[in-house]
Amino acid sequence: MRPTRATVLLTAGLVTLLGVPAAVAAETPSDLYVSNRAGANCADGGTGSRSVPFCTISAAAKAVQPGQTVRIATGTPYAESVTIDRPGEPGKPIALVAEARDGYPQARLDTDRTLTISRAAHVRIRGLSVSGELRVDASTDVELTAVHAPLKVTGASADVRVSRSELEDVRIAGGSRRTVLSHNLVTGYLGSPVDAVDAPGTVITNNSFVLQCDAAVSLSGGSTGSAVFNNYVRSPGTCVAPKTRTGIAVTQSATTGTRADYNLIALVAGRAVAYQWAGTTYEQPAAFHTATGQGAHDILSRATAGFDAVDGITPLVDSADPTAPGALPTDYLGNPAADDPRVPNTGKDGAYLDRGAHESQDWLQTVRLALDQPWAPAGTPVKATAAATSRWSGPLTYRFDFGDGTAPVVTSEPTATHAYGTPCACTVKVTASNGIGQQRAAEQSAKVTATGALAAAVTATPFLPTAEEPRAYVAPLTFSVDARTSVAPWPIARVDVDFGDGTKTGADGLDPVRHAYAKPGDYTVTATVEDVKGSTSTTTRTVRADYAASGYVALAPTRVLDTRTTGSPLQGGTATPVTLPVVYTGSGPNHTAGMTAGVVNVTVTDATEDTHLTLWPSGQARPATSNVNVTAGGTSSNTVTVPVGADGKISARLNAGQATLVVDFIGYYQPNTGQRFSPIAPTRIADTRVGSGGILSAGQTRTVPVAGLHGIPADATAVALNLTSTDSSGNSFVVAYPRPDYRPNASHLNPEPGKDKSNQAIVPVGPAGTITLYTNTASTHLVLDAVGYYGKDGTTLFTPAVPQRLADTRTTGKLNPGATTTVAGIPAGAVGAVLNVTATDSTAPGFLTVYGHGSARPDASSLNTRPGATVPNHVTTPAAGGRVSIWNNPGGSTHVITDLLGYFTRG
């Protein structure tokens, strides 16, 4: 292993081939440019500047002067054949160079176009691809680099040098002298990959040949004084008779002064021979060397893969002659000679150049970095350890930068130790380098803290579902306790949290600790932090757990409970759980995840006595409110907005007696998800008593336009409306839904003859901007009053509230005919409220109107009153100053009970 020796030998070989380089001219004219790219603003009649390039290479070839370089844009092929027929000067060659970019390494001439260098001198070509033919004729001092072409050198050309190229069917003839092929990939499609006839001094060194048939290298005629060194010949498959595949063929007339050595010839068995020299065939290198004195270091393989390789090591590696004519210091890809430490150096004089066009290289694959103290007080020694993987496992150099401005540590050892002088959040970086300049880097963060005692500090914040992962389950009232703000000289090993509701939990390290409270309220959170040294510190925080402001997701109604099918009617005084976690979509059931409140339509029927139903969040105490009131034998329904408990459920309890319960899930509220709400003053959008439509008959549907009308925008996704039935011919049910062609198994209202009944519904808007109404077994008139809409331009978010009673006139006196009462207790910043309003002990049929306090009373109803009946309704209404107004029509007096279900705020 002698790298310095190899470097000397390679340099010697290069000087033997090229001689001493000429001095660079002191003055070089400006470059010329060629581009046929779209938008290049090219002109063949111009000067070939960068801003106005030539459109064709031919135009540049006619204009180029000695010492100038033509820079050719790559990409679109050039539809032309090009001829270079003017000379450069010694030290001032003419050069055509492809400017590789955008993934194109070569400038291409179009299919079957040619490049001809004719009667020229001192020409340099780099990076051109020619599918027709590249011909050098009667020219001298021509250098071709990184070209791709079939090649012919004719007309007594001299000193043509071709390197690092991909060549086909190379033909050297006509007395051409000193042609050099070095570090090329050469294929023979029409015969021998290289066929030199009457070409003295031809040099063929470090090429890789793919041999079809004939000979890989054929020297004939007056091709004397030639050299064939360091080549790799491989022959996939077999030849078809009568042809014979040959590695190197030299006729008698070309043997004078011709030398061959350090070649590797891989020929499969069958019509194949290694050498034909002066008319004699030789099967083995030993016999060839004994008879001719050539090929002393040649290698022959009969393996079908070309030669045997073990762990990537082949006979090609470190076995060539770097002093051979034409040997270059870099290979086909520009890689330098590299000493593979896994194999002995069997090249000339112990050198390590590889045979063929490619030089095998080390490959530094990865490097990893670990710190033994990634978190420690200043002054603590921090040991950084690098772990690198490479193909050769040779010696590496490591550069450790500890990120605090101190001088990097450069070492051959994979570790370095450093003590930080001051606290910092530093990034430690290691760069590993191998002997050929490949580098890989890795980094790790170092937290350098001040010395001192552990002092716990935590943040306790609501943890909400995100818009990015709306279906990731997050229970309402979830809090996250994060101890990363603690002052901790040493790493924190564990955080234990007492959430103040009897729940204690913890986590290793600094991961946040989360907990879902069962009900809203104020809680004292106690967090104890322990570090890796066993020190502990405790801190407390007071938090307010409350439901989060949320957007609305409208759903086509889905029945989630019907006790008529379960055979388990509700029994008075017993809570029944109702699960609301499933939304049926086109892709199947999906969890509603982090919803804070569900919106359901609840129907109570077959009651054995006058009673009422209350809904509330699962796991919490039952509030003193009601949602549905029903008489014995009757049917009553109401829309209810109710927060869900930590288990994703709500509870339903019948006050007394027994009854059937039907629950239809129509939507839900969730933080960072869904649409905002815009309340509007109640506005009548349909009334079957007016106009040509007439009463809605049994089994009939009626489509009602809503989007783009009545203050509801065209892109609204759902509309909140009060639905009232009157003049019903019998008991029935009414459903409102978005798509006329798909009626859900659900209901919103239960009309009865002789009774005006109302219920609020939140209905998704169909694709045509309409909603559809359907009545089941009896005809009825329907009145629709819109109270708001949901959409992308909505202005408010909804905050659910555990149902709470705001007002009850049974303690203050009835609301008289034509009178208005003010209900307070809504949060002051609310611009709207969701209420359950109940009328009871009414003296005459009539209706109530609920509206924003201080605003004009609208011409609409919120619920209808009936003597002897208790009538509830879900009401969505504007609010102002934490208050709403309730007006009783002049028909009769009534008691009014108002419960808060939630409120809207701008945000």
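In this predicted model, Leu115 touches Val82, Ile84, Leu109, Ile125, Leu128, Val130, Glu133, Leu134 and Arg135, leaving out residues up to four places away in sequence. Leu115 is also one of the residues with the most contacts inside the largest nonpolar core. That core has 65 residues. Ile72, Ile117, Ile125, Leu144, Leu151 and Leu181 share this standing with Leu115. Another core, of 26 residues, lies apart from the largest one. Among its members are Val600, Val630, Ala659 and Leu661.

Val142 sits in strand β10, which covers residues 140–145. The relative accessible area of Val142 is 0%, so this residue counts as buried, the cut-off being under 20%. Neighbours within four places in sequence aside, Val142 is in contact with Ile117, Val123, Arg124, Val136, Asp159, Val160 and Arg161. Phe904 is a far partner for comparison. Val142 and Phe904 are 762 residues apart in sequence. In space, their C-alpha atoms are 83 Å apart.

Lys757 belongs to strand β58, residues 757–764. With a relative accessible area of 7%, Lys757 is buried. Its side chain makes a polar contact with the side chain of Glu752, at 2.8 Å. Glu752 also appears among the residues that Lys757 touches, when those up to four places away in sequence are not counted. The others are Thr635, Ser636, Leu723, Thr724, Ser725, Leu749, Asn750, Pro751, Asn864 and Arg866.

Strand β67 spans residues 884–888. Five of its five residues are buried, so the strand is largely enclosed by the rest of the structure. In a regular strand, side chains alternate between the two faces of the sheet. In β67, both faces are covered. Val884, Ile886 and Asn888 are buried on one side. Ser885 and Trp887 are buried on the other.

Two pairings of β67 were examined. Strand β62, residues 820–823, pairs with β67 in the antiparallel sense over four bridges. Here Val823 stands opposite Val884 of β67. Strand β64, residues 846–852, also pairs with β67 in the antiparallel sense, over five bridges. In this pairing, Thr849 has Trp887 of β67 as its bridge partner. Both Val884 and Trp887 are buried, on opposite sides of β67.

How values were computed. Residues are numbered from 1 along each chain as its sequence is written. This is a predicted model: local features need pLDDT of at least 70, side-chain atom pairs count only at pLDDT 80 or more; totals for chains, interfaces and linings use all residues. Side-chain values use heavy atoms; hydrogens and water are left out. Buried means under 20% relative accessible area, exposed over 50%, partly exposed in between (1.4 Å probe, protein chains only). Two strands pair if DSSP finds at least two bridges between them. A polar contact is a pair of N or O atoms within 3.5 Å; within protein, one must be able to donate a hydrogen and the other to accept it, and residues adjacent in sequence count only if both atoms are side-chain atoms. Contact means heavy atoms within 4.5 Å. A nonpolar core is a set of buried Ala, Val, Leu, Ile, Met, Phe, Trp, Tyr and Cys residues joined through side-chain atoms within 4.5 Å.
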